[in-house]
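Student: I'm new to this one, could you walk me through it?
Tutor: Gladly, let us look at the model together and take your questions in turn.

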Amino acid sequence: MLFFAVTDIVKQSKLDAMYHEYSVVMYTVAYDVLGDKQYAEDAVHESFLRIIDFLDRIPEDRDLRRNFFVTVSKHTAINIYNKRKKYNEYKYSADITEDDPGNNNPADIYIGRESVQHIKGIIFKLDDIYKDVLYLNIVYGLKYEEIARILDIKVDTVRKRANRAKKMVANQLRKEQEDEKRK
Amino acid sequence: MKNANNIDKILDNAFEEMLSAAAFEACREEAAKIPVPADKVDFSPEHKQKMSKLFAQYKRREMLKKLAKASKYAACILLAFVTVSAVTVFSVDAWRTRVLNYIYDPSAPGTEFHFDDKGGKYFSEDGLILNYVPSGFHLEKDFSDNVNIRLHFEDDANNYFTIVTHGLDSNIGLDTEDSVVEEIIINGNKAIRVTNDRDNLIMWYDDNFAYVTNGNISHKELEKIVKNVEYK
């Protein structure tokens, strides 16, 4: 039993398998951000260092899994880019401003079957920094602390981005519904 | 007011549910749009080396995790085996050891005999069957209570013998002053024979009780009685 448990690992680790499947797409995404082969390779390596503790949490669904690796690689590349340039070219203005209270009270939002499609359209339009936190939290089931570790940002930043993403979706949904009413 | 709060909560939950459903769909759709890289990437030897190191670290960590898990599993199996063995072993009468301790001092008025055992029985509605009773003897009195069985037999010539049961965790005090105390074997178990001018006594035990039988009859008869006692 013990022998089989050990030989099973020696054959090929999960990490090994995932690297072989996703390293190229991760590298491509990182290269798009960094424009440098060596830094892109570093981004891939660093991404795996961050993902290593969460391998068992990544969904089996191939599309979702692929998106996860791409998301982590993209953010790692952005972090490397920002450190290199010493200024935040990838930081969105919304991320610098204080967390405005906004209004995500759904009381005045019409909730119906078509709302999901509306919300999906709004999510597509969100900036990546919000969208990715939303995906990591909702789709991949990661806690804010875990997202902070993976994206190498503060937990507070993750919390703010997640809250802001939800407010943005609610506000936009309300706005679209009001526009439709006017028509 | 409370009702309004509840409605807000319901709408809030409904919104969260819709957001979740929409996020799943959006994420899946976006993932499908990620272009498959056309070129094969030739990673540098430095990168390959770094990754190999990471794989090795991960393998070691996983191996330790699995070993720990397998060890726990093995420990559970071992524990189960030991438990089953112990139950089997201790259910065999031959392995059940009754310890009968005493220090006999001929000059002392009495000797305390200790049975060190948590098993055995106390008196129940079942009873003792004496498969041998010397001729002429009959049960004169039954003093049994809910702790001990006490049977007193007599014959017409004022000869008597009594048999009393005790729990196997008992301390039994006997009058051994000016007596001869000997160890004998009754039905394979250690027993004590006490002889003096007053009467003869045998103390012995089996899986159910410790017994004391005494009377003004011969040891030969007493031994025959005690060897044929049955508890049912």
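Student: How many salt bridges are there over all chains?
Tutor: The count comes to 25 over all chains, where a salt bridge is a side-chain nitrogen of Lys or Arg within 4 Å of a carboxyl oxygen of Asp or Glu. Please keep in mind that this is a predicted model, in which local features need pLDDT of at least 70 and side-chain atom pairs count only at pLDDT 80 or more, while totals for chains, interfaces and linings use all residues. Residues are numbered from 1 along each chain as its sequence is written, chains are lettered from A in the order in which they are written, and side-chain values use heavy atoms, with hydrogens and water left out.

Student: Which residue does D61(A) form a salt bridge with?
Tutor: The partner of D61(A) is R28(B), and their closest N and O atoms are 2.2 Å apart. This pair crosses between chains, running from the loop between α3 and α4 of chain A to helix α1 (residues 2–33) of chain B; helices here are DSSP runs of H or I with at least four residues, numbered from the N terminus.

Student: And D53(A), what does that pair with?
Tutor: D53(A) forms a salt bridge with R61(B), with the closest N and O atoms 2.9 Å apart. Here too the pair crosses between chains, with R61(B) sitting in helix α2 (residues 45–91) of chain B.

Student: Is K131(A) buried or exposed?
Tutor: K131(A) counts as buried, at 6% relative accessibility, since buried means under 20% relative accessible area, exposed over 50%, and partly exposed in between, using a 1.4 Å probe and protein chains only. K131(A) forms a salt bridge with D128(A), and the two are three residues apart in helix α7 of chain A, so about one helical turn separates them. Salt bridges that share partners join both of these residues with K74(A), D132(A) and E30(B) into one network.

Student: Switching topic, what lines the second largest pocket?
Tutor: Its lining has 17 residues, and among those nearest its centre are K74(A) and I34(B); a pocket is an open set of points on a 1 Å grid over the protein atoms alone, where a 1.4 Å probe fits, with protein on both sides within 12 Å along at least five of seven lines, and lining residues have an atom within 4 Å of a point.

Student: Which helix gives the largest share?
Tutor: That is α2(A), which supplies five residues of the lining.
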